[in-house]
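Could you walk me through this structure, one selection at a time? I have it open in a viewer and would like to know what to click next and what is there.

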Amino acid sequence: MKLIFATSNQHKLQEVKSVAAADLEIVSLKDIGFVGELPETHETIEENSLEKAEYLSKKYNTACFAEDTGLIIDSINGEPGVYSARYAGENASFEDNVNKVLSKMEGLEDRTARFKTVITYYSQGNYVQFTGITEGQITRERMGNSGFGYDPIFIPSGSAKTYAEMTLDEKNAFSHRKKSFDLFANHLKLISV
Ligand code: IMP
């Protein structure tokens, strides 16, 4: 089975490919020649995930899936949340965003946070969503160089390492993205029998 993943983020693509079954061919926006940005105009992760999947499915008249992810930190009112990609401004780098979180949390004792991924599968005008959540803690400084985004400051519950100190397989053992993708993959199995 061939599936279009509506993302330009190479890190997300690599992670999803690493957990997809061998008989599932994941094709990216780059592979289908899509250039530009997908719309992300809403205030919830669920709506943005749906918006991206619906936009691409209608544009190419094909089934596809999209995902939207946010880091939700309790002590700063759930920030950066749906604004995770542009927390420190429109063209902010991963480093800028991490710096903003660390400075906003300076001196705060409560470090609890969670990553939430919502995958939307959009096909023939209908959609289904799959949510993966991983609880954890925000560190006081960056640790590790792997991964992307907020990986260097997030320690998932049950681990002593940040995501950025893990190999891809280790991250997958905890990952919010893998949890949502596993639910999606099970759904695909159910509808293909
Ligand atoms: P979006 O889902 O493309 O809107 O992006 C959300 C932002 O959250 C990304 O730009 C990253 O900064 C961050 N992010 C998403 N997934 C992860 C992850 O697995 N680890 C660390 N940061 C992530």
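Helices and strands here are DSSP runs, with at least four residues for a helix and at least two for a strand, and they are numbered from the N terminus. With that in hand, select Asn172: this residue is found in helix α4, which covers residues 168-174. Keep in mind as you go that you are looking at a predicted model.

**Stop 1: Asn172**

Is Asn172 buried or exposed? With a relative accessible area of 9%, Asn172 is buried, because buried means under 20%. Now show the residues around Asn172. Leaving out residues up to four places away in sequence, Asn172 touches Ser18, Val19 and Lys178. Zoom in on Ser18, since its side chain and that of Asn172 are joined by a polar contact of 3.0 Å.

**Stop 2: the whole chain**

Zoom out and colour by secondary structure. You can count 5 helices and 7 strands in the chain. Follow the chain from the N terminus and the elements come in the order β-α-β-α-β-β-α-β-β-β-α-α. The radius of gyration is 17 Å, close to the 16 Å that the globule rule gives for 193 residues, so the chain is as compact as a globular protein of that length. If you draw a box along the principal axes, the C-alpha atoms fill roughly 50 × 30 × 25 Å.

Next, switch on the surface. The chain exposes about 9800 Å², and carbon and sulfur atoms supply 49% of that area. Of the 193 residues, 46% count as buried. Contacts tell you about the fold too: among those between residues at least 6 apart in sequence, 55% join residues at least 24 apart. Try colouring by charge as well. There are 21 positive and 28 negative side chains, and the centres of these two sets lie 3 Å apart.

**Stop 3: Glu67**

Select Glu67, whose place is in strand β3, residues 64-73. How accessible is Glu67? Its relative accessible area is 2%, and Glu67 is buried. Which side chain is joined to that of Glu67 by a polar contact of 2.5 Å? It is the side chain of Arg177. Display the other neighbours too: beyond four places in sequence, Glu67 is in contact with Phe5, Lys12, Ser49, Lys52, Thr117, Val118 and Ile119, as well as Arg177.

**Stop 4: Tyr122**

Move on to Tyr122 in strand β5. Tyr122 is buried, with a relative accessible area of 5%. Setting aside residues up to four places away in sequence, Tyr122 touches Leu50, Ala53, Glu54, Ser57, Lys58, Thr62, Ala63, Cys64 and Tyr127. Pick Glu54 from that list: its side chain makes a polar contact of 3.4 Å with the side chain of Tyr122. Then pick Lys58 and try your distance tool. Tyr122 and Lys58 are 64 residues apart in sequence, and their C-alpha atoms are 9.2 Å apart in space.

**Stop 5: Gln124**

From Tyr122, step along to Gln124, which lies in the loop between β5 (112-123) and β6 (126-138). Gln124 is exposed, with a relative accessible area of 77%. Look at the backbone here: Gln124 has a positive phi of about 50° although it is not a glycine.

**Stop 6: Asn77, Glu79 and Pro80**

Another positive phi is waiting at Asn77, where the value is about 60° and the residue is again not a glycine. Asn77 sits in the loop between β3 and β4. Its relative accessible area is 74%, and Asn77 is exposed. Now look at the bond between Glu79 and Pro80. What kind of peptide bond joins Glu79 and Pro80? It is a cis peptide bond, with omega about -10°. Pro80 lies in strand β4, residues 80-81.

**Stop 7: Lys104**

Keep Glu79 on screen and add Lys104, whose side chain makes a polar contact of 3.0 Å with the side chain of Glu79. Lys104 is in helix α3, residues 94-104. At 40% relative accessibility, Lys104 counts as partly exposed. Apart from neighbours within four places in sequence, Lys104 is in contact with Ile76, Glu79 and Tyr87. To finish, select Lys104 together with Phe34. These two residues are 70 apart in sequence, and 36 Å separates them in space, C-alpha to C-alpha.

Key:
Residues numbered from 1 in each chain as written. Predicted model: local features only at pLDDT ≥ 70, side-chain atom pairs only at ≥ 80, totals over all residues. Heavy atoms only, no water. Rg over C-alpha atoms; globule rule 2.2 N^0.38 Å. Buried < 20%, exposed > 50% of the residue type's maximum accessible area, 1.4 Å probe, protein only. Contact = heavy atoms within 4.5 Å. Areas by Shrake-Rupley, 256 points an atom, 1.4 Å probe, with all protein chains shown as cover. Lys, Arg positive; Asp, Glu negative; His and termini not counted. Charge placed at Lys NZ, Arg CZ, Asp CG, Glu CD. Polar contact = N/O pair within 3.5 Å; in protein donor to acceptor, adjacent residues only side chain to side chain.
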